[in-house]
Amino acid sequence: MRVIGLAGWSGAGKTTLLTKLIPCLRGRGSSVSTLKHGHHRFDIDHPGKDSYKHREAGAREVLIASGQRWALMHEVSAGEEPDLPFLLRKMSATDFIIIEGFKEYAHPKIEVHRLANGKPFLFPRLPCISALATDSPVADAPLPILALDDIQAIADKVCELAEPFDTVLARLESLPRPMSFKNTSPGT
């Protein structure tokens with residue numbers, strides 16, 4: 001298993017890129033899983049469904065399964081957001097784990113940047129950014145620049161830059177938790 005992230009401001013096109021990158025990597029014979037950080041309260045269940053009723057009644061975990069998929073929902077108290085190492089350990093074996101978000105953590109990343117977003121680049125501030133996928137020219141950037149619409153080139157860079165799971169996990173665990181995640185701890 002190898003790990004890489006896509007980092008960028010909201011609206012930069014990370015999800016759009018991922019929806020093109022995943023089939024490209026799969027077409028090359030690789031299995032791909034994703035881990036996405038949600039900044040807001042989110043729900044993958046729907047009011048009125050039995051699993052929703054179980055959670056609303058106070059179940060700490062609800063596992064729902066069918067012939068096509070299964071999903072485990074784990075409720076945490078406010079402020080208990082799990083950190084990246086905890087979440088990575090929950091992932092099943094795959095060729096690539098692509099992390100969307102968690103930009104403050106020290107895993108290898110490709111920055112996704114869209115000029116129309118009007119936001120500054122992250123790479124000068126975040127040292128684990130190893131390449132830049134953008135729709136605009138960048139003068140004197142100290143890292144590889146990829147066209148945001150060149151999915152094959154971005155897939156090549158993912159294959160080149162992704163690091164082994166154990167290497168990434170060891171680095172993440174050896175460093176302090178990023179400030180934006182300091183007030184939280186993993187649920188039980």
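Tutor: Contact here means heavy atoms within 4.5 Å. Keep in mind that this is a predicted model. By that rule, valine 158 touches Arg2, Ile4, Leu21, Leu25, Phe96 and Ile110, with residues up to four places away in sequence not counted.

Student: Which residues have the most contacts inside the largest nonpolar core?

Tutor: Leu25, Ile98, Ile110 and Val158 do, in a core of 23 residues. Two or more residues come from each of strand E1 (2-7), helix H1 (14-27), strand E5 (96-100), E6, E7 and H4. Apart from this core lies another, of 14 residues, including Ile99, Ala106, Cys128 and Phe165.

Student: What puts the buried residues of helix H4 on the same side?

Tutor: Start with the list for H4 (residues 151-161): Ile151, Ile154, Ala155, Lys157, Val158 and Leu161 are buried. They cover an arc of only 160° around the axis, so they lie on the same side of H4.

Student: And what arc do the buried residues of H5 cover?

Tutor: In helix H5 (residues 165-174) the buried residues are Phe165, Val168, Leu169 and Leu172. Their arc around the axis is only 95°, which places them on the same side of H5. They pack against E1, helix H3 (84-89), E5 and strand E9 (163-164). The face turned away from that buried side carries the exposed residues Asp166 and Ser174.

Student: What makes strand E7 mostly covered?

Tutor: E7 spans residues 129-134, and five of its six residues are buried.

Student: How do you know which strands pair with E7?

Tutor: Pairing needs at least two bridges between two strands. Five bridges join strand E6 (residues 109-113) to E7. Three bridges join E7 to strand E8 (residues 145-147). Both counts meet the cut-off, so E7 pairs with E6 and with E8. E6 and E7 run parallel, and E7 and E8 run parallel. For registers, lysine 109 stands opposite isoleucine 129 in E7, and leucine 132 stands opposite isoleucine 145 in E8.

Student: How many aromatic pairs are there?

Tutor: The count comes to two aromatic pairs.

Student: Why is the pair of phenylalanine 102 and tyrosine 105 called edge-to-face?

Tutor: Take the distance, then the angle. The centres are 5.8 Å apart, and rings pair within 6.5 Å. The planes stand at 65°, and over 60 degrees counts as edge-to-face, so the name follows. Both phenylalanine 102 and tyrosine 105 are buried.

Student: Why is the pair of phenylalanine 121 and phenylalanine 123 called tilted?

Tutor: Its centres lie 5.4 Å apart, with 55° between the planes. That angle is not under 30 degrees and not over 60, so the pair is tilted.

Student: How do you know whether phenylalanine 121 and phenylalanine 123 count as buried or exposed?

Tutor: Buried means under 20% relative accessible area, and exposed means over 50%. Phenylalanine 121 is at 26%, in between, so it counts as partly exposed. Phenylalanine 123 is at 15%, so it counts as buried.

Student: What is phenylalanine 123 in contact with?

Tutor: Neighbours within four places in sequence aside, phenylalanine 123 contacts Glu111, Ile129, Leu132, Val138, Ala141, Pro142 and Leu143. Phenylalanine 123 sits in the loop between E6 and E7. From isoleucine 110 it is 13 residues apart in sequence and 9.1 Å apart in space, C-alpha to C-alpha.

Student: What puts a charge over the ring of tryptophan 9?

Tutor: The charged end of lysine 119 does, 5.3 Å from the ring centre. Lysine 103 also lies over the face of tryptophan 9, at 4.5 Å from the ring centre. Both distances are within the 6 Å cut-off.

Student: What stands out in the phi of phenylalanine 102?

Tutor: Phi is near 55°, a positive value in a residue other than glycine. Phenylalanine 102 lies in the loop between E5 and E6. Its relative accessible area is 3%, under 20%, so phenylalanine 102 is buried.

Student: And aspartate 140: buried or exposed?

Tutor: Exposed: its relative accessible area is 79%, over the 50% cut-off. Aspartate 140 also has a positive phi, near 55°. Its place is the loop between E7 and E8.

Notes. Residues numbered from 1 in each chain as written. Predicted model: local features only at pLDDT ≥ 70, side-chain atom pairs only at ≥ 80, totals over all residues. Heavy atoms only, no water. Buried < 20%, exposed > 50% of the residue type's maximum accessible area, 1.4 Å probe, protein only. Helix = DSSP H or I, 4+ residues; strand = E, 2+ residues; numbered from the N terminus. Arc of directions from axis to C-beta. Phe/Tyr/Trp six-rings, centres within 6.5 Å; stacked < 30°, edge-to-face > 60°. Lys NZ or Arg CZ within 6 Å of the ring centre and 35° of its normal. Core = buried A, V, L, I, M, F, W, Y, C linked by side-chain atoms within 4.5 Å.
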